[in-house]
Amino acid sequence: MKTVFIRPERCIGCKHCEIACAIEHSKSKELFTAILEEPTPAPRIHVLPTIGIMTFPDKCRHCNPAPCMQVCPTGAITRNKEIDTVLINGNRCIACGMCGIVCPFDAISYKRSWEISIEREVALKCDNCVDRLMKGFEPACVEACKTNALSWGEIEEVMREERKKIAEKIAIATTSAEELLEKPVPENIKLWRDLGLVIKKLGEKG
Amino acid sequence: MRIVVIGTGGAGVSAVEAIREYDKDSEIFMISRENTPPYSPCVLVDYFQRKEEIDKLFWKGEDFYKKMDVTPLLGKVVNKINTKNKKISFNEETLDYDKLLIAAGGKVTLPPLKGLNKKGVFTFKTLEDADKIREWIKKGKVEKGVVIGGGFIGLDAAMCLTSYGVKVTVVEALNRLLPRMLDYEMGTLVKEIVERNGVAVVVNGRVNEIVGEEKVEKVKFEKGEVLDAEIVVMATGVKPNTEVVEGTDIKFNGRRGVVVNEYMETSVKDVYAAGDIVESIDIVTGEKKPILLWSNALLQGAIAGYNLIGRKVKYLGSTNQTIIKVFNVPVVSDGNYIGEEIKLFSRDVYKKMYIKNNRIYGYMLINTKKNAGLYNSLMVSKKDISEFKDFLLTDEFNYGKLVTKAITLEKETYQY
């Protein structure tokens, strides 16, 4: 089953994923018209500020078994087995908040959405961009991510890549093959992070 | 195999779903005293205010019994369980079983008041209750109402009556609202929210008598004060409905519920129990107590269902995590009041947490749900939170902090 994988160490907090997500879940699916929509389209992925200048893109993990799905009192939350995705049917949602308080990732927010016929808040969370998947595209946040902090793939493939990286690190530690294997951080990202550190220091001074 | 389930509430339904996940052949019977498809009590408030929400009320669909290939025996009250011959009897009929699941739920506890039998006195627990109350309001001239009990159900009832224009007074015997969820300080804040929405609240109020000829007219307090009322809703708590096991050799612990082991099996072989009727375990303290909550019922129901068909799944315990929307303001409570208290109050958001030995033991939130699940998982997993202690309740705290903690903070280790 394909999933969105998160590599927090690569995230630079640019929030492109948030914008892409909000656009994908808007009525018009176009940035310039989406910002004028009522209700304002909301992202279902949230880039959280964390320790130091690090950021973390937080979204629904489509857990199995999913606590939100187990607890929903209206049967609004179901699992689409084909794409292994937990989906919320907003028209059945009464926004009681039970899914929100059992989610350990705080991935569910309560907002109004154009997809709901009644004017009230409902539970919103990542739906793995079902519409895009059906058309053969990858999720909007993955497409928008410039640093590959978010990637779309089979768990086995991603794990294989991670294993390779660990093997490389061991190789670096035990031999002197550093130049061959270490990928340099691109200049722009290095500068961006240095800027972040300076700003953070300024903040600390008060 | 023939499986009989007593009760069509949350625990019963989730058990049947768990059974049917693996076992498509067994015969399943579901017995209930209520003559409806399975409904969700959490939706009662919405249903009461807007009758068109009935499709959400029947949370698994009106065709649940058909879909799950279950024979429903509705409108029947179980009066005897014969564990020796594996028979149960109800309304002069008997039924054999191979495995029995008791998910009979809870029932309202009524204090010994005079005048409870007057017309216009209701409880608010079942769908039937909701329909009856609505009918009463629509039929007669109901201007003033009294809700006795300021807990979860009491506030729900007050909100329902208010939505029909009834002037409501909530009477709570203890010194605060939501006494089982909140402490005095937080309960008082909820009281302010309730009062702001036009509901009068009387705390430390003990009702003595419900006065009226045939219908309710007045509610009389112990101290002598009198309130006019055309409707009285009794929301004085819920207890495990152990009546069904009384007189059998199934062990139960008085008001605390039926005793089960970690596989949700009672003291009698092949008889299981789940939901509001059993004595649950507090996963944080290990204490045994009834946890009469929806989430707990669904969890135990599913576990009982799996064990019934021979798939061993252990029940480790639950938390009493609750959320209620008081006039659209979410109020969350979880855990126990153990240890040191930390709090963060802003203009309209109130957070309080109990910490002992660098572990979370409980928390309460008013007007926010943020991080509730995260606090709950930290509490259940007994994580050391000493390094987050300073900002645990602020908006700065989030799940990402836990993740990035694993990656070192040094500048050099940022990767690309």
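1. Is R50(B) buried, partly exposed or exposed? R50(B) counts as partly exposed, because its relative accessibility is 28% and the partly exposed class runs from 20% to 50%. This note concerns a predicted model. R50(B) forms a salt bridge with D46(B), and the closest N and O atoms of that pair are 3.3 Å apart. D46(B) has a relative accessibility of 14% and therefore counts as buried. The R50(B)–D46(B) pair thus joins a partly exposed residue to a buried one.

2. The next point is the link between the chains. One salt bridge is counted between chain B and chain A. Its partners are R120(A) and E53(B), with the closest N and O atoms 3.4 Å apart. Besides this salt bridge, the interface should be read with its polar contacts: 10 residue pairs across it are in polar contact, both residues being at pLDDT 80 or more.

3. On the side of chain B that touches chain A, the elements giving two or more residues are α3 (54-57), α8 (294-308), β21 (322-326), α9 (372-380) and α10 (399-406) of chain B. Of these, α10(B) gives the most, with six residues. By class, this side of chain B has 16 nonpolar, 11 polar and 12 charged residues.

4. As for extent, 39 residues of chain B are in contact with 45 residues of chain A. The area buried between the two chains is about 3600 Å², and carbon and sulfur atoms give 63% of that area.

5. Over all chains, the structure holds 37 salt bridges. In one of them, the side chains of K289(B) and D282(B) meet at 3.1 Å, N to O. Both K289(B) and D282(B) are buried. Salt bridges that share partners also join R120(A), D46(B), R50(B), E53(B) and K56(B) into one network. The pair between the chains, R120(A) with E53(B), and the pair R50(B) with D46(B) have their residues in this network.

6. A further salt bridge is formed by D228(B) and K218(B), whose closest N and O atoms are 3.9 Å apart. D228(B) lies in strand β15 (residues 226-228) of chain B and K218(B) in strand β14 (residues 218-221) of chain B, 10 residues apart. D228(B) counts as partly exposed because its relative accessibility is 39%. K218(B) is also partly exposed, with a relative accessible area of 36%. For a reader checking the pair against the buried one, K289(B) and D282(B), the burial classes are thus partly exposed for D228(B) and K218(B), and buried for K289(B) and D282(B).

7. Helix α8(B) was checked for length and burial. At 1.5 Å a residue, its 15 residues should span 21 Å, and the end C-alpha atoms are 21 Å apart, which agrees. Of the 15 residues, 13 are buried, so α8(B) is largely enclosed by the rest of the structure. α8(B) is also among the elements that give two or more residues to the side touching chain A. Just after this helix, G310(B) takes a positive phi of about 90°.

8. The length check was repeated for helix α5 (residues 127-139) of chain B. Its 13 residues should span 18 Å at 1.5 Å a residue, and the end C-alpha atoms are 18 Å apart, in agreement. The buried residues in α5(B) are L127(B), D129(B), A130(B), I133(B), R134(B), W136(B) and I137(B). The elements covering them include α2 (44-49), α3, β9 (121-123), α6 (152-163) and β16 (231-234) of chain B.

9. V331(B) lies in strand β22 (residues 329-335) of chain B. V331(B) counts as buried, because its relative accessibility is 0%. Leaving out residues up to four places away in sequence, V331(B) touches L178(B), M181(B), L182(B), V190(B), T322(B), I323(B), I324(B), V326(B), L365(B) and I366(B). R256(B) is 75 residues from V331(B) along the chain, and their C-alpha atoms are separated by 26 Å.

10. Some overall figures for chain A complete the note. Chain A has nine helices and eight strands, and its C-alpha trace spans about 65 × 45 × 30 Å along its principal axes. Of its 206 residues, 48% are buried. Among contacts in chain A with a separation of 6 or more, residues 24 or more positions apart account for 58%.

Notes
Residues are numbered from 1 along each chain as its sequence is written. Chains are lettered from A and ligands numbered from 1 in the order in which they are written. This is a predicted model: local features need pLDDT of at least 70, side-chain atom pairs count only at pLDDT 80 or more; totals for chains, interfaces and linings use all residues. Side-chain values use heavy atoms; hydrogens and water are left out. Contact means heavy atoms within 4.5 Å. Buried area is the accessible area (1.4 Å probe) that two parts lose on being put together, summed over both. A salt bridge is a side-chain nitrogen of Lys or Arg within 4 Å of a carboxyl oxygen of Asp or Glu. A polar contact is a pair of N or O atoms within 3.5 Å; within protein, one must be able to donate a hydrogen and the other to accept it, and residues adjacent in sequence count only if both atoms are side-chain atoms. Helices (H or I, at least four residues) and strands (E, at least two) are DSSP runs, numbered from the N terminus. Ala, Val, Leu, Ile, Met, Phe, Trp, Tyr, Cys and Pro count as nonpolar, Asp, Glu, Lys and Arg as charged, and the others, Gly among them, as polar. The expected span of a helix is 1.5 Å times one less than its number of residues. Buried means under 20% relative accessible area, exposed over 50%, partly exposed in between (1.4 Å probe, protein chains only).
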